[in-house]
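Me: I should like to discuss the side-chain pairing and helix packing in a structure. Please consider the following.

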Amino acid sequence: MNPSLRLAVVQKIYEKTTSSNKDISFQKHPYQRLIKKIFYGYFEKENELEAFLEKCLNKEKVNIQNLELLLKIILKASIYELIFIKKTPFKVVIDEYLEVTGKYFDKNQKKLVNAILDAVYKSQQ
């Protein structure tokens with residue numbers, strides 16, 4: 001796959017979440033259909049994703065309110081993809097979201113994302 005796909009997803013979700021302009025346009029991308037599927041699915045299942053994330057964070061002894069918005073978006077988008085799409089191998093999805101995380105955060109947040117996504121992976125087995 002392509003880490004730019006996951007980066008595009010995270011950027012579009014962040015844009016919609018933080019912008020007063022709710023009309024989001026998607027630039028041409030080889031994986032545009034998948035980007036849109038994750039984007040729209042994220043908002044459709046947001047409450048469910050939030051609850052699932054909170055449950056995972058409690059196991060790591062982390063309060064969801066302490067997470068930065070961008071980190072929550074990365075986690076919820078990756079959880080959505082792992083649980084609801086299942087088209088791409090788990091390892092690829094996890095590695096690419098870890099790469100996106102590394103662009104914005106330090107190794108501690110990257111470890112947290114890895115732990116959460118590993119827990120999601122195990123819960124889906």
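Me: Which residue meets Glu-15 in a salt bridge?
Reply: This is a predicted model. In helix H1, Glu-15 has a partner three residues apart, about one turn of the helix. The side chains come to 3.3 Å, N to O, which lies within the 4 Å limit and therefore counts as a salt bridge. The partner of Glu-15 is Lys-12.

Me: Is Lys-12 buried or exposed?
Reply: Glu-15, at 32% relative accessibility, counts as partly exposed. The value for Lys-12 is 16%. Because buried means under 20% relative accessible area, Lys-12 counts as buried.

Me: How many salt bridges are there by this rule?
Reply: The rule asks for a side-chain nitrogen of Lys or Arg within 4 Å of a carboxyl oxygen of Asp or Glu. Among the pairs is Lys-76 with Glu-50, whose closest N and O atoms are 2.7 Å apart. By this rule the count is eight.

Me: Which residue forms a salt bridge with Arg-6?
Reply: The closest N and O atoms of the pair are 2.4 Å apart. The pair links distant parts of the chain, with Arg-6 in helix H1 (residues 3-18) and its partner in helix H4 (residues 69-85), 75 residues apart. Arg-6 is buried at a relative accessible area of 0%, and the partner also counts as buried, at 2%. That partner is Glu-81.

Me: Which residues are linked with Glu-50 and Lys-76 in a network of salt bridges?
Reply: Lys-76 forms a salt bridge with Glu-50. This pair joins distant parts of the chain, Lys-76 being in helix H4 and Glu-50 in helix H3 (residues 46-59), 26 residues apart. Lys-76 is buried at 3%, whereas Glu-50 is partly exposed at 22%. The other members of the network are Glu-46 and Lys-72.

Me: Is H4 roughly parallel or roughly antiparallel to H6?
Reply: H4 and helix H6 (residues 107-123) pack at about 25 degrees, with their axes 10 Å apart. Angles under 35 degrees count as roughly parallel, so H4 is roughly parallel to H6.

Me: How many charged residues does the contact of H4 with H6 have?
Reply: H4 passes H6 in a right-handed crossing. The contact residues include Leu-71, Leu-75 and Ser-78 of H4, and Gln-109, Leu-112 and Val-113 of H6. By class, the contact has ten nonpolar and two polar residues, and the number of charged ones is none.

Technical notes:
Residues numbered from 1 in each chain as written. Predicted model: local features only at pLDDT ≥ 70, side-chain atom pairs only at ≥ 80, totals over all residues. Heavy atoms only, no water. Helix = DSSP H or I, 4+ residues; strand = E, 2+ residues; numbered from the N terminus. Buried < 20%, exposed > 50% of the residue type's maximum accessible area, 1.4 Å probe, protein only. Axes fitted to C-alpha atoms, helices over the stretch in contact; angles between N-to-C directions. Parallel < 35°, antiparallel > 145°, perpendicular 65-115°, else oblique. Left-handed = near helix turned anticlockwise from the far one by under 90°. Contact = heavy atoms within 4.5 Å. Nonpolar A, V, L, I, M, F, W, Y, C, P; charged D, E, K, R; others polar.
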